[in-house]
Amino acid sequence: MAEGERRPDEGVLDRSEGFGERLLGVLLDRAHEMPPQLIAPLIAEEVARVGGRDVSILLQDYGQLVLVPLPGRRLMVGEPEPIGDSPAGTAFLHATTVEVPQSDGIRMYLPLLDGSDQVGVMALTLVAVDDDDRRLLRRLAGLVADMLVTKHSYTDQFFFARRREPMSLAAEIQWSLLPPLAMSVPRVAVAGILEPAYDVAGDSFGYALNEDILHVAMVDAMGHGLDAATMATVAVGAYRHARRADIGLSEIYTFMDRAIAEQFGPDHFVTAQMMRLNITTGHLQWVNAGHPAPLLIRDDKVVRQLAGPTTLPVGFGGEEPRISGQMLQRGDRVLCFTDGLIEEHEAGEEQLIHWVNRIEHTEKGVRAVVRSLSHALKQERGGRTTDDATLFLIEWRGAAADHLALL
């Protein structure tokens, strides 16, 4: 017997291509060199293979108010769908498939998940739906999400769809700095939001999950407009550089402080908060550089501030900061925010706590909570703000994730 040949009695793996593999494989094979403008007809073609029609790709607008249809050949382009009150919005916020019976079939709304970040929603209509359809379409939606994220990096097509009003240059800079607005893994979930979405300047946040440590930073640069955006850019860049050098929180503060002082001089500053959460143990550590203290939320209500020693804002050359710590319980949430969220209210932080307690009882996921909270507080301000108002919410779950690595 020649080397490498199988004995007649040896089991043979079935490598034949089934319908589902062909469907996903064709999409994957053709997508590598596909220009962005041909993604839409390719998706519509693949959906048609399972009997689907009236395909729409809905992307979240920058203000997190509506899901906007992506224009494209063979896609159905209708009116934007409100995130807070529509089947598409439900699928988006809760990362779950929603099925709506219609006279001519079933309208399906499938969340487009890139990792755990919700990119948008894919909507389509089938005459009837069974479990095989659901499984295949769920996997197809995942592949479509990955394609959209990949193509997004070298086209403005998706930006044009998401933008609902003119955006300032400062806001353009800030949006380019941000990581995905939400992340969810078994042990931890995070979500953030920027207001005003189209004119934000000095506010920004960043995070990274490295092994068992979640790194988080929130910054608020003084002033408004392009100057503030430039300072925030340097502060976030300095934070990332220091974080990737794997140094301690105090050393990260010192590095950021020196970067701002050297670049902008003694009259400019950035308030900042840097955190590290061990997602295995729930041990949270932070350094506060002139920033509002975060809130600890437990059992759907604010239990206290995470107050502690503070140092001077970044750029003012403060003393080496003291590191604060807190052991979280499973299900605890930590809400970080900038002062623009509270400074225009007479009640200030009391107003914020009131709305947190109220919304925590009505919304479940971290993404839904920060979105509802930001919009409720903006409504209380009459829909206007004279300063940036940013929220970032962390939920420690403490669940194990090893099962995800097993086939």
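At 10% relative accessibility, does E395 count as buried or exposed? E395 counts as buried, where buried means under 20% relative accessible area, exposed means over 50%, and partly exposed lies in between, with a 1.4 Å probe and protein chains only. Before going further, note that this is a predicted model, in which local features need pLDDT of at least 70 and side-chain atom pairs count only at pLDDT 80 or more, while totals for chains, interfaces and linings use all residues. Residues are numbered from 1 along each chain as its sequence is written, and side-chain values use heavy atoms, with hydrogens and water left out.

**Salt bridges**

Keep E395 selected and add R397, whose side chain meets that of E395 in a salt bridge at 2.7 Å, N to O; the term stands for a side-chain nitrogen of Lys or Arg within 4 Å of a carboxyl oxygen of Asp or Glu. R397 is partly exposed, at 30% relative accessibility. Now add R333 and E360, because these two residues are linked with E395 and R397 in a network of salt bridges.

Next, select E99 and R134, which form a salt bridge of 2.6 Å, N to O. E99 lies in strand β4 (residues 98–102) and R134 in helix α4 (residues 131–152), so the pair ties together parts that are 35 residues apart in sequence; here helices (H or I, at least four residues) and strands (E, at least two) are DSSP runs numbered from the N terminus. The whole structure holds 13 salt bridges.

**Aromatic rings**

Turn now to the rings, of which the structure holds 7 aromatic pairs. Rings of Phe, Tyr and Trp (its six-membered ring) pair if their centres lie within 6.5 Å, and planes under 30 degrees apart count as stacked, over 60 as edge-to-face and the rest as tilted. Select Y62 and W175, whose ring centres are 4.8 Å apart with the planes at 70°, so the pair is edge-to-face. Y62 is buried at 6% relative accessibility, and W175 is buried at 13%.

Adding F159, F160 and Y198 to Y62 and W175 shows one aromatic cluster. Then select R162, whose charged end sits over the ring of Y62, 4.1 Å from the ring centre; this requires NZ of Lys or CZ of Arg within 6 Å of the ring centre and within 35 degrees of the ring normal.
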